[in-house]
Amino acid sequence: MKNSLITSLVGYLIEKEFFNLISPETEGLDFSSGTTSLIKDFHGTSVLLEIIDADRMDSRQIAMSMEHGTALINNINGRNATVFKLFLFESQPDTERLDIISKGQADITAERKFLRTFSVNCSQGTIQKHFTVPAFDAHIVRTVKRFFAKNLDKSGTTVEDIQRLIENRKKDYEIQLKVKKPWLTYGIIVINIVVWLIIKLISIRTGQSYSNLLVPFGAKINSYILQGQYWRFFTPMFLHADEIHLAVNCYSLFIVGSQVEKLFGRGRFAFIYLFSGILGNIVSLAFSINVAVGASGAIFGLMGAMLFFALKRPSLLKSSFGANLITTVVINLAYGFMNSRIDNNAHLGGFAGGFLTTGIVYNSKEETSRDRLVKVVSLIMAVIVTIAATLYGFNNQNSKIVLILTEMQTFETQENWAQAEKLGEDIMDLSPSSKNIRTSVLWSITRAEINQQKYQEGIPHAEQLVKISPVDGHFLLGFIYFNTAQYDAAREHLQKAKELESPYIDTINQMLTRIEGTAK
């Protein structure tokens with residue numbers, strides 16, 4: 001009965017906790033010796049687990065087993081290793097043997113190497129942990145409790161079942177690379193650098209700022225896309241805001257892109273990369289009014305591709321590869337949410353695009369009906385997400401506001417202040433959710449009213465602006481009060497705008513000087 005329990009427990013640990021048998025021969029597996037050894041990497045810590053039929057051992061033999069464990073941790077090269085001994089008893093063990101199990105534990109603290117023990121009462125389905133420091137137990141306590149809670153000790157797992165698990169595990173790690181050198185990845189990196197150099201050189205020769213030149217070169221600008229410049233869904237992938245942005249994205253592309261191209265081949269890599277970048281920009285249009293450039297949406301798509309690849313190979317997902325991949329994605333997304341300058345909408349859209357397109361192009365060695373279903377579902381989902389994001393992007397309230405805002409700015413350029421004021425009022429009636437839009441519109445309305453000498457109407461708009469952009473609101477209030485000869489109020493607001501480092505500092509100083517001259 002104990003042999004059957006050990007076989008079932010070994011199978012459960014291999015399947016659910018991704019342990020590996022030491023010397024896992026696929027023929028002639030035998031758990032009748034009373035000791036079975038498993039090993040795994042747990043986030044950088046080497047974990048060796050010995051499952052021991054303790055009912056076969058007297059006190060002297062248990063002591064020898066503990067001495068062997070101590071010798072083992074002393075002989076392990078490197079740091080961060082823990083040897084766990086799991087002693088299985090049919091019923092409650094005697095105090096003498098438990099005392100040996102508990103006191104025989106060993107530490108090499110400086111090298112973070114430990115020998116730690118557990119005892120299991122199989123009839124009761126309970127496990128006792130004989131240590132408190134370190135708290136790390138590689139989830140063994142939790143796993144053993146689940147094993148008994150699900151009555152898996154009576155599951156009847158056979159040696160043949162474990163052989164199949166081992167074979168499937170080997171297949172997860174059998175990776176056939178489609179290309180040796182990721183030339184396409186290198187090519188995209190070169191294109192990114194060349195485009196940056198061209199824009200930089202034009203900036204130097206013409207005196208135009210680099211950031212302004214990104215507009216004609218294809219930055220994602222919602223108003224232009226809404227007016228029909230659809231190529232701006234594609235071009236932002238090859239533009240970057242500055243040298244640091246370029247360097248970070250090229251490095252990320254080198255690391256992730258090289259792996260994806262080798263795993264999937266150049267054609268599939270190109271499809272994943274381009275679709276992810278385009279979908280990222282579509283999602284950005286739908287949910288962000290900000291100007292955007294960069295390859296990060298496409299790079300997140302490559303991360304989505306790697307996640308799909310890992311999900312198809314569970315052993316790989318549970319290894320350090322999977323942990324590192326998920327950690328990288330989470331950290332980058334979290335950083336994006338914390339940094340207002342980063343367009344996380346493009347990241348999320350690109351990630352979804354990469355995951356779904358990989359579902360379409362992924363080929364298994366032995367394709368099953370389930371694999372074919374995944375392809376069909378991935379294709380349908382990719383189409384639905386793309387169409388839905390596009391329709392929402394072109395028809396949501398922010399997009400309607402952006403079009404009116406563009407028309408308002410045209411009237412401002414033409415100094416048609418009455419029409420600019422009217423369109424600004426129309427936008428505010430739509431209650432825009434974006435702080436940037438509200439700031440821009442209130443500034444334009446107040447400016448239009450000042451130019452029409454409608455000062456009393458301009459005051460409440462400037463006061464609204466103070467609440468969301470104090471520096472701009474105080475400047476306009478100071479300007480209005482100056483032009484209506486309310487010099488005390490003008491001085492107060494102009495001083496506040498100056499303290500807030502208004503970009504109109506020269507104008508502010510001129511008005512303050514004139515106010516002081518008037519007072520004298």
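This report describes the nonpolar cores and the cavity of a predicted model.

## The largest nonpolar core

The largest nonpolar core holds 41 residues, and among these V260, F264, Y273 and L302 are the ones that touch the most other members. Several helices build this core, since at least two residues each are supplied by helix 6 (183-206), helix 7 (210-217), helix 9 (243-264), helix 10 (266-287), helix 11 (296-311), helix 13 (320-338) and helix 14 (344-361). Of the contributions to this core, the largest share is that of helix 11, which provides ten residues.

The surroundings of F264 can be given in more detail: leaving aside residues up to four places away in sequence, F264 touches K178, I272, A305, F309, T358 and Y362.

## A second core

Separate from the core described above, there is a second core, which consists of 32 residues and includes I6, I14, F19 and F147.

## The cavity

When cavities of 30 Å³ or more are counted, the model has one, and the volume of the largest cavity is about 50 Å³. Its lining is made up of F308, K312, G359, Y362, N363, S364, E367, D371, V374 and K375, so that Y362, a residue touched by F264, also appears in the lining of the largest cavity.

Sorted by residue character, this lining comprises four charged, three polar and three nonpolar residues. Helix 15 (residues 369-395) gives the most to the lining of the largest cavity, its contribution being three residues.

Technical notes. Residues numbered from 1 in each chain as written. Predicted model: local features only at pLDDT ≥ 70, side-chain atom pairs only at ≥ 80, totals over all residues. Heavy atoms only, no water. Core = buried A, V, L, I, M, F, W, Y, C linked by side-chain atoms within 4.5 Å. Buried < 20%, exposed > 50% of the residue type's maximum accessible area, 1.4 Å probe, protein only. Helix = DSSP H or I, 4+ residues; strand = E, 2+ residues; numbered from the N terminus. Contact = heavy atoms within 4.5 Å. 1 Å grid on protein atoms, 1.4 Å probe; cavity = no way out; pocket = protein on both sides within 12 Å on 5 of 7 lines; lining within 4 Å. Points joined across faces, edges and corners; volume = space filled by probe spheres on them. Nonpolar A, V, L, I, M, F, W, Y, C, P; charged D, E, K, R; others polar.
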